[in-house]
Amino acid sequence: MNKDCLFCKIISGDIPGDITYEDELVVAFRDINPQADLHQLIVPREHISTTNDLTSSHQMLIGHMVLTAQKIARDNNVAEDGYRLIFNCNQHGGQTVYHIHLHILAGRQLTQLG
Ligand code: 5GP
Ligand code: ZN
């Protein structure tokens, strides 16, 4: 828990989040500014600032985040049509919240990349 971190506050319930899934490792919630019909963020309970801070100790966690995204896709019936998973890192990656999060976007044809 980082007391200055927006996503840590959503995870702890200090500020409201539209949570769709949670377990012992991750929490998923709807993006406040959705870029597609389905736009959720999968975040680890552990505060990790950027993907640069990941180590081999996080391998299971990252795999779990991707499998959680797959489950969200299936539960929302978009798995077959498809979806996009994104980690943004630092300024050039467009990261604005410094607690790693996996975006899942679906529900329309996604084209733009970059
Ligand atoms: P980034 O640009 O860091 O990859 O993505 C941050 C995402 O967090 C953005 O898509 C933004 O809309 C979302 N976001 C920012 N503040 C909040 C918030 O208070 N609640 C929720 N649910 N999403 C937020
Ligand atoms: Zn945090």
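Is N77 buried or exposed? N77 is exposed, because its relative accessible area is 68%, where exposed means over 50%, buried under 20% and partly exposed in between, taken with a 1.4 Å probe on protein chains only. The structure is a predicted model, in which local features need pLDDT of at least 70 and side-chain atom pairs count only at pLDDT 80 or more, while totals for chains, interfaces and linings use all residues. Residues are numbered from 1 along each chain as its sequence is written, chains are lettered from A and ligands numbered from 1 in the order in which they are written, and side-chain values use heavy atoms, with hydrogens and water left out.

N77 is found in the loop between helix 2 and strand 4 (83–86). Helices (H or I, at least four residues) and strands (E, at least two) are DSSP runs, numbered from the N terminus. The phi angle of N77 is near 60 degrees, a positive value in a residue other than glycine. For N90, too, phi is near 60 degrees. N90 has its place in helix 3 and counts as partly exposed, at 32% relative accessibility.

The zinc ion (ligand 2) is held by the protein donors C5 (SG), C8 (SG), H47 (ND1) and H99 (ND1), at 2.0 to 2.3 Å. Donors are N, O and S atoms within 2.8 Å of the metal (3.2 Å for Na, K and Ca); water is not among the atoms, so sites may look incomplete. The angles among the four donor atoms are 106 to 116 degrees, and the site is tetrahedral, a label for four donors with all angles between 85 and 135 degrees. Ideal angles for four tetrahedral donors are 109.5 degrees.

Along the sequence, the donor residues follow the spacing C-x2-C-x38-H-x51-H. The pair H47 and H99 links distant parts of the chain, 52 residues apart: H47 is in the loop between strand 3 (38–44) and helix 2 (59–75), and H99 in the loop between helix 3 (90–93) and strand 5 (102–106). H47 is partly exposed, at 22% relative accessible area, whereas H99 is buried, at 0%.

The model has one aromatic pair. Rings of Phe, Tyr and Trp (its six-membered ring) pair if their centres lie within 6.5 Å; planes under 30 degrees apart count as stacked, over 60 as edge-to-face and the rest as tilted. F7 and F29 have ring centres 5.2 Å apart and planes at 75 degrees, so the pair is edge-to-face. Because F7 lies in helix 1 (residues 6–12) and F29 in strand 2 (residues 26–30), the pair ties together parts 22 residues apart in sequence. F7 is buried at 5% relative accessibility, and F29 is buried at 3%.

Methods: Four donors count as tetrahedral if all angles lie between 85 and 135 degrees; four count as square planar and six as octahedral if opposite donors are over 155 degrees apart and all others between 65 and 115; anything else is irregular.
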